[in-house]
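The exercises below are meant to be worked with the sequence and the coordinates open side by side. Each one sets a task and is followed by a solution that proceeds step by step.

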Amino acid sequence: MTGTPPDDVDVATRRPSLGAGLLWLAPLGFLAIFFFYPLAAILVASFARSLAGPLAPWADLFARPSFPRVVGFTLAQALASTALTLMLGLPAAYLVGRHTFRGRSLLLALTAVPFVMPTVVVAAAFTALLGPRGWVNVALMEMLHLEAPPIAFVHTLTAILVAHVFYNTTIVVRLVGDFWSHLDPRQTEAAQVLGASRAHAWRTVTLPLLLPAIAAASALVFLFDFTSFGVILLLGGPRFSTLEVEIYTQTVGLLNLPIAATLALIQLACTLALSGVYTALARRVNRPLTLQPAHLAQQPLAGARQRWLAAAVVVALSVFLLAPLGALALRSVTRLDPERGQTSLPAPAITLAYYRALGENPRQSIFHAAPATAIGVSLTYAAITVVLSLALGMPAAWMLARRPDDFLSRLVDPLLLLPLGTSAVTLGLGFTLALAAPPLDLRTSPVLIPLAHTLVAFPFVVRSLLPPLRSLQPRLRQAASVLGAAPARVFRTIELPLIARALLLASAFSFTISLGEFGATTILARPEFPTLPVAIYRYLSRPGALNYGQALAMSTILMIVCAAAMLALEKLRFGEQGEF
Amino acid sequence: MKLASAIGLAAAALVAACARTPAGPPVLTVMTHDSFAASEPVIQAFEQQTGAKLQFLPSGDAGTALNRAILARQHPLADVFYGVDNTFLSRALDEDIFEVYDSPALAAIPGEFQLDPTHRALPVDFGDVCLNYDKSFFDSRGLPVPGRLEDLTDPRYRGLLVVENPATSSPGLAFLLTTIGHFGEDGYLDYWRALRQNDVLVVNDWEAAYNEEFSGASAVGTRPLVVSYGSSPPFEVLYAEPPVSEPSTGAITADDMCFRQIEFVGILKGTTRRSLAEQWIDFMLSVTFQEDMPLQMFVFPVNPEAKLDPVFEQFMAVPTHPAQVEAQAIATHRDEWIEAWTEVVLR
């Protein structure tokens with residue numbers, strides 16, 4: 001029993017210390033106060049409103065013929081969307097993870113933009129492109145002399161799937177691409193030197209090493225698709241319904257809170273089941289690795305094969321991600337032809353009138369949101385969200401990685417994804433109920449908004465940090481400990497530099513989540529502090545071409561703000577590379 | 001990290017405390033749906049007149065805001081709630097969230113708007129949900145604009161109409177109620193079957209219907225008939241780019257083809273600023289506020305003394321006989337009507 005501990009056992013896991021256990025305090029305290037407490041409050045209050053007892057809504061729900069259809073469709077579309085997102089995301093992750101090329105940073109920044117766009121304007125962009133009188137259909141009709149538009153897109157299942165790919169590809173590209181860039185390419189090369197074919201080496205060496213990142217990305221994408229709301233409502237249309245849409249309809253349209261709460265519980269149970277499977281899997285697929293600085297793994301494109309692959313990826317990303325954004329930006333500077341009702345391409349009348357009008361407030365409305373104000377408010381909320389979610393996510397991820405077998409770690413791990421499975425309207429009403437009364441009276445406080453954003457961002461932070469933290473060679477830390485470094489010092493000098501890039505990745509996710517969030521924001525918003533999505537929606541909900549144009553102009557500004565922030569973050573990343 | 005989050009929480013509590021700090025002028029909090037708007041000078045007029053400060057609390061769409069007010073009954077979020085309409089009125093009254101206020105200002109308001117005889121919910125404005133049509137479409141084809149609901153099932157109007165889903169959209173519900181008012185509870189589903197036969201398009205919200213599908217308002221729409229508001233055409237002039245002198249759209253206000261939405265305000269139970277709340281409600285019913293509303297919120301004043309903007313006067317359309325459905329009947333049957341409609345039209 002003397003001698004050194006075996007390599008694969010972490011010293012720290014065998015030496016329970018109360019001090020480290022305290023690291024759970026902040027993340028669990030936060031989740032308890034701002035997630036579980038409001039959630040419990042709204043569920044309890046909702047069931048209490050069922051006059052026939054708390055079981056009646058269950059019986060009512062299961063008796064509805066539409067119910068199994070809704071659950072089935074919710075799961076099926078999420079599975080299909082996740083698979084498609086991986087199909088586009090993985091090649092793109094390979095490209096940005098393994099290669100350097102001109103425009104790489106810009107490409108990476110642009111893939112993040114869809115993530116922040118409100119669904120109302122994305123639906124508008126897709127209609128402009130692919131609607132019955134959209135640019136593609138009109139062009140095809142003119143070219144092929146067709147009577148009717150050849151492409152039916154809006155209000156189809158295809159539209160839902162394409163929109164989900166549009167929104168979530170960035171999750172796969174970033175999470176997997178980042179992890180990929182740190183895998184030692186020599187392992188795969190060694191396999192090939194030893195005679196493995198390219199495909200065999202990929203399947204037996206690269207893929208298993210990538211699995212933790214792929215699993216994390218898939219789980220996050222699946223949950224986003226599973227709880228999809230705006231995409232289903234606007235691009236799918238009334239013939240499609242998911243659990244999230246039903247929760248909203250029952251709450252807001254029918255004021256049937258007991259049924260809404262029942263649906264919310266079912267959605268939570270599904271989320272919990274999924275994250276249970278995922279966390280169990282994630283533990284198994286992790287293995288210690290020697291992560292490498294990205295510049296060792298990344299090479300310029302070489303050879304026709306790599307160039308063709310790069311071209312194919314860029315074209316695919318352009319079609320799925322950039323074309324709708326481009327259509328939106330183009331519409332924001334295009335004057336709508338006053339001679340409407342014609343079937344031809346819109347006359348190319350370029351105008352900046354919509355942008356100019358954004359700064360004006362001709363009717364002196366008290367709620368007018370000047371672009372600078374909305375940008376400032378959005379950036380402030382986003383910055384608070386980044387700080388809060390990193391402060392909470394880092395200790396949680398560290399505990400999960402270092403003490404995977406602790407009782408608390410096993411218990412908490414699957415719970416951390418639950419905020420992603422909770423509908424915004426449920427949570428918004430829960431905040432109203434639970435946080436508006438003593439002991440915690442935040443009633444009308446603007447701080448509720450970054451708190452709600454942090455709930456969504458927190459799981460992303462944990463999932464971004466976990467794969468690299470778990471892959472860290474235990475020997476590195478053991479050596480430092482043996483040499484007398486305190487745990488805090490080990491973290492600072494060994495672990496922190498190694499996860500620095502993952503921290504930037506986590507920041508990027510938190511930032512974009514906050515920038516684009518609309519559902520909870522609109523319920524909790526204070527008119528003095530309008531965010532960009534709230535301002536966009538305000539214009540969009542009014543008749544008149546000018547209002548519509550202003551909504552598109554504000555959306556374009558949101559795109560630019562997001563892309564600029566992502567580029568700035570990329571620059572930061574570049575500076576960190578030396579430490580790796 | 002613990003420190004950081006502790007600081008975060010402390011800062012949060014601090015901001016929250018500052019937001020309601022008792023020093024300074026008394027604050028009247030008004031909870032609304034997120035379509036509420038008013039102009040700076042009008043709000044200032046009230047604040048100067050009373051020495052109070054107004055704080056508005058937009059809380060999502062009308063349904064979400066009402067839910068929020070109901071759920072927060074024990075610890076009200078605001079002193080006044082504005083924005084419950086006649087389709088939700090009975091619900092708000094049954095939940096008993098309002099205090100009685102028999103405002104002297106009600107004397108000037110026509111009885112047709114005063115749907116709550118107990119004076120807990122006081123009418124502020126109204127708007128009519130009516131079909132809008134694309135003028136150039138009907139002009140260029142020499143097709144008459146439909147003058148009765150029955151016309152819409154005529155093959156000549158096949159594929160021309162886009163409506164909103166009543167489960168997710170308030171104008172959608174209003175149009176469903178229009179058909180119930182006209183055809184009765186026994187006839188409306190047959191009518192919708194015929195509409196479905198005639199290729200009616202259903203979308204989930206007004207924004208999609210009006211901005212994306214309606215050919216009168218956008219370059220990409222294909223349907224020349226849409227369920228919108230009687231006040232929409234003037235806005236096609238007021239918010240045109242480039243400026244125009246005539247709207248490209250019109251509203252159909254024939255008898256029984258529109259549904260009137262009336263919006264109400266009430267003093268929330270548990271308020272500690274009762275007299276200020278009363279003053280605000282009187283102010284909302286006064287000519288100053290009532291004349292400000294149309295250009296801010298696209299609704300019409302209930303106070304007949306309020307004068308309208310000339311563009312409004314010229315292009316607005318107000319039906320003389322909107323379809324009638326009792327508020328109590330709406331409250332009782334709303335769910336079953338919507339579900340029956342869903343089965344017939346969407347499945």
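**Exercise 1. Find the residue in S9(B) that is the bridge partner of Leu131(B), and then describe how S5(B) is paired and enclosed.**

Step 1. In strand S9(B), the bridge partner of Leu131(B) is Ile252(B), and that of Asn132(B) is Ala251(B). This is a predicted model, in which local features need pLDDT of at least 70 and side-chain atom pairs count only at pLDDT 80 or more, while totals for chains, interfaces and linings use all residues. Residues are numbered from 1 along each chain as its sequence is written, and chains are lettered from A and ligands numbered from 1 in the order in which they are written.

Step 2. Strand S9 of chain B covers residues 249-252 and is joined to S5(B) by four bridges, the two strands running antiparallel. Strands here are DSSP runs of E with at least two residues, helices are runs of H or I with at least four, and both are numbered from the N terminus; two strands pair if DSSP finds at least two bridges between them.

Step 3. S5(B) also pairs in the antiparallel sense with strand S10 (residues 259-268) of chain B, over seven bridges, and there Leu122(B) stands opposite Val265(B). With strand S8 (residues 225-229) of chain B, the antiparallel pairing of S5(B) has five bridges, and Tyr133(B) has Leu225(B) as its bridge partner. Strand S11 (residues 300-301) of chain B is joined to S5(B) by two bridges, again antiparallel, with Asp125(B) opposite Pro301(B).

Step 4. A residue is buried if 20 or more other C-beta atoms, placed from the backbone, lie within 10 Å of its own, exposed if 12 or fewer do, and partly exposed in between. Strand S5 (residues 122-134) of chain B has 13 of its 13 residues buried, so it is largely enclosed by the rest of the structure. S9(B) is covered on both faces, with Thr249(B) and Ala251(B) buried on one side and Gly250(B) and Ile252(B) buried on the other.

**Exercise 2. Determine where Tyr239(B) lies, and which residues of chain A are in contact with Tyr239(B).**

Step 1. Tyr239(B) is placed in the loop between helix H8 (232-238) and S9 of chain B, and it counts as buried because it has 21 C-beta neighbours inside 10 Å.

Step 2. Once neighbours within four places in sequence are left aside, Tyr239(B) is in contact with Gly544(A), Ala545(A), Leu546(A) and Asn547(A), where contact requires C-beta atoms, placed from the backbone, within 7 Å.

Step 3. The loop between H8 and S9 of chain B also holds Pro242(B), which is joined to Glu241(B) by a cis peptide bond with omega about 0°.

Step 4. Taken as a whole, the contact between the chains takes 72 residues from chain A and 73 residues from chain B. On the side of chain A that touches chain B, helix H18 (residues 371-402) of chain A gives the most, with six residues.

**Exercise 3. State the angle at which H4(A) and H14(A) pack, and list the residues that meet.**

Step 1. Helix H4 (residues 56-63) and helix H14 (residues 257-285) of chain A pack at an angle of about 75°, with their axes 9 Å apart. Axes are lines fitted to C-alpha atoms, for helices over the stretch in contact, and angles run from 0 to 180 degrees between N-to-C directions.

Step 2. H4(A) and H14(A) are therefore roughly perpendicular to each other, given that angles under 35 degrees count as roughly parallel, over 145 as roughly antiparallel, 65 to 115 as roughly perpendicular and the rest as oblique.

Step 3. From H4(A), Pro57(A), Trp58(A), Asp60(A) and Leu61(A) meet Pro258(A), Ile259(A) and Thr262(A) of H14(A).

**Exercise 4. Decide whether His145(A) is buried or exposed, and do the same for Gly430(A).**

Step 1. His145(A) sits in the loop between helix H8 (135-144) and helix H9 (157-180) of chain A, and counts as exposed because it has 7 C-beta neighbours inside 10 Å. Its phi is near 55°, a positive value in a residue other than glycine.

Step 2. Gly430(A), in helix H20 (residues 424-434) of chain A, is buried, with 25 other C-beta atoms within 10 Å.

Conventions. Contact = placed C-beta atoms within 7 Å.
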